[in-house]
Amino acid sequence: AFWIGFALSPATAERPTPKELGYTSFLSPPASPIAIYDDRVFVANTPSYTVDVIDVASRKMIARVDVGIDPVSISVRPDGPEVWVSNHVSDSVSVIDNDPESSTYLHVVATIQDFNSETKATRFDEPVGIAFANNDKAYVALSSENEIAVIDVAERKVMKRLTITAQDPRAIAVRGNRLYVIPFESNNKTQLSGGAKDDIDGELITFDAWEHWIRHSNVLSLGHVTDIVKHPRVPDRDLYIFDTKTDELVQTVDTLGTLLYGLTVDSNGRVFIAQTDARNDANGRSGTKKHGLAEMENRAFLNQITAVSADGEARFIDLEPLPPQHPEAGEALATPFAIEISDDDSILVAAAAGSDKVFTVDADSGRILGRVRVGSVPRGIALDGSSAWVLNAVANTVSLIDMSDPAKLKVEE
């Protein structure tokens with residue numbers, strides 16, 4: 001692994017008193033925080049507010065580019081001369097010159113923001129994922145706005161906004177003439193079992209919501225029977241697909257997971273989503289059936305990859321045995337986060353952020369092929385042929401994995 005968080009100073013006769021750096025960790029969420037172009041690896045070093053550049057051949061960091069506060073996502077313009085970086089706390093995108101012949105090579109040459117002219121408040125709040133439709137148009141996920149900003153690359157201006165009718169869009173991708181968007185905080189159709197008094201049926205509705213939530217909103221309301229239920233009428237939109245030529249929404253797909261961390265798309269339009277599916281309904285009948293922790297079976301979430309065909313059919317790939325069974329020691333693949341697919345569409349490469357593992361999956365069968373331990377909390381993957389560069393967010397390192405045999409992954413020293 002390569003340390004990207006600090007550089008060592010040469011020894012001196014008298015060691016100076018260290019200065020307080022003053023950096024604050026905002027724990028901003030990454031989405032595609034590492035990218036490769038030619039012989040360079042670009043890494044969003046979130047806590048240092050920089051993009052660190054690694055030379056592929058020497059495996060050494062050759063540059064550190066100051067950007068905004070909490071960079072979380074990186075995308076290279078398709079023709080190569082610019083690297084775009086979203087700064088989650090600065091509410092901006094930094095544009096880095098990536099032309100080796102330029103006098104401003106590996107320096108920020110533009111900053112993209114959008115402000116309300118009257119209030120001076122940002123209209124570019126908490127950007128995360130970046131994807132290019134082509135060299136002229138880019139998309140940026142505005143996570144707290146529930147919008148996708150459509151940006152004119154040459155003018156560095158927001159042209160329009162695409163509405164996402166779900167919470168917190170972060171990871172986005174372009175493949176062919178389609179833009180794919182997933183909201184992080186997706187629903188799973190669960191809600192508390194309140195409703196109208198006349199509709200109480202003991203199943204979907206178990207108490208009078210007006211009596212206990214509205215009429216008694218300022219005082220403690222006791223005595224109602226509360227369950228968590230899956231209701232078929234609760235929205236659960238998980239995948240949004242737009243036409244990149246018209247920016248029109250062409251398809252939505254429901255019920256793909258609960259916390260949607262990362263996505264990748266193959267050449268045939270199959271979408272793979274790294275996600276955890278909440279089991280809050282497994283012990284949801286706490287009111288009518290006195291459910292408790294025993295019914296949860298120590299599994300609050302299922303760790304899964306969801307495969308979505310081009311026509312919208314979903315298939316769930318379980319990364320661990322289903323309850324009441326549990327993974328063997330060392331076999332857990334908790335919190336699948338980053339995910340990429342090989343050039344030939346055959347192998348998925350994903351990071352289990354909660355288990356400090358990178359693993360491979362057969363994209364057709366869903367069979368887990370191999371796994372290897374990396375640094376703490378891997379959250380970004382960039383593929384380079386038979387190699388994978390992995391950003392370990394908490395360790396603040398980058399691991400290089402040899403994938404020449406997908407069943408026998410090896411971290412290169």
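**Figure 1. W389 stands opposite L400 of strand β32 in this predicted model.** The two strands of this view are β31, residues 387-392, and β32, residues 397-402. β31 and β32 pair in the antiparallel sense, and six bridges join them. Together they form a hairpin with four residues between the strands. N396 belongs to the turn of this hairpin and has a positive phi of about 60 degrees.

**Figure 2. Strand β32 is mostly covered.** Six of the six residues of β32 are buried. T397, S399 and I401 point one way from the strand, whereas V398, L400 and D402 point the other way. Residues on both of these sides are buried. Besides its pairing with β31, β32 pairs with strand β33, residues 410-411, in the antiparallel sense over two bridges. I401 of β32 stands opposite V411 in β33.

**Figure 3. An open sheet of four strands runs in the order β2-β3-β4-β5.** The pairing in this sheet is antiparallel. The edges are formed by β2 (34-37) and β5 (60-66); each has a single partner strand, so one side of each is left without a neighbour in the sheet. From one strand to the next, the twist averages 25 degrees. β2 and β3, the latter spanning residues 40-45, are joined by four bridges in the antiparallel sense. Within this pair, Y37 has R40 of β3 as its bridge partner.

**Figure 4. A second view of an open sheet shows four strands in the order β26-β27-β28-β29.** Here the pairing is antiparallel. β26 and β29 (368-373) stand at the edges with a single partner strand each, so one side of each has no neighbour in the sheet. Neighbouring strands are turned against each other by 20 degrees on average, direction ignored. Four bridges join β26 and β27 in the antiparallel sense. The bridge partner of E340 in β27 is V349. E340 is also among the residues that lie nearest the centre of the largest pocket.

**Figure 5. D345 is placed in the loop between β26 and β27.** With a relative accessibility of 9%, D345 counts as buried, because the cut-off for buried is under 20%. Leaving aside residues up to four places away in sequence, D345 touches D266, S267, N268, R270 and A363. D345 and D364 are 19 residues apart in sequence, and their C-alpha atoms are 8.9 Å apart in space.

**Figure 6. The largest pocket holds about 1,200 Å³ of space.** Its lining is made up of 42 residues. Nearest the pocket centre lie S32, S75, V174, T264 and E340. By residue class, the lining divides into 27 nonpolar, seven polar and eight charged residues. Strands β2, β6 (71-76), β10 (127-132), β14, β22 (259-265), β26 (336-341) and β30 (378-384) each supply at least two residues of the lining. β30 gives the largest share, six residues. Two of the strands named here also appear in the sheet views: β2 stands at an edge in Figure 3, and β26 stands at an edge in Figure 4.

**Figure 7. R170 lies in strand β14, residues 167-175.** R170 counts as buried at 16% relative accessibility. Not counting residues up to four places away in sequence, the contacts of R170 are P29, A31, V128, G129, A141, S143, I182 and F184. The strand that carries R170, β14, is among those that supply at least two residues of the lining of the largest pocket.

**Figure 8. H224 lies in the loop between α1 (209-214) and β19 (228-230).** At 24% relative accessibility, H224 counts as partly exposed. H224 touches F207, H212 and W213, with residues up to four places away in sequence not counted. The C-alpha atoms of H224 and Q251 are separated by 40 Å, while the two residues are 27 residues apart along the chain.

Key: Residues are numbered from 1 along each chain as its sequence is written. This is a predicted model: local features need pLDDT of at least 70, side-chain atom pairs count only at pLDDT 80 or more; totals for chains, interfaces and linings use all residues. Side-chain values use heavy atoms; hydrogens and water are left out. Two strands pair if DSSP finds at least two bridges between them. Axes are lines fitted to C-alpha atoms, for helices over the stretch in contact, and angles run from 0 to 180 degrees between N-to-C directions. Buried means under 20% relative accessible area, exposed over 50%, partly exposed in between (1.4 Å probe, protein chains only). Contact means heavy atoms within 4.5 Å. On a 1 Å grid over the protein atoms alone, a cavity is a set of points where a 1.4 Å probe fits but cannot get out, and a pocket is an open set with protein on both sides within 12 Å along at least five of seven lines; lining residues have an atom within 4 Å of a point. Grid points are joined across faces, edges and corners, and a volume is the space filled by probe spheres set on the points. Ala, Val, Leu, Ile, Met, Phe, Trp, Tyr, Cys and Pro count as nonpolar, Asp, Glu, Lys and Arg as charged, and the others, Gly among them, as polar.
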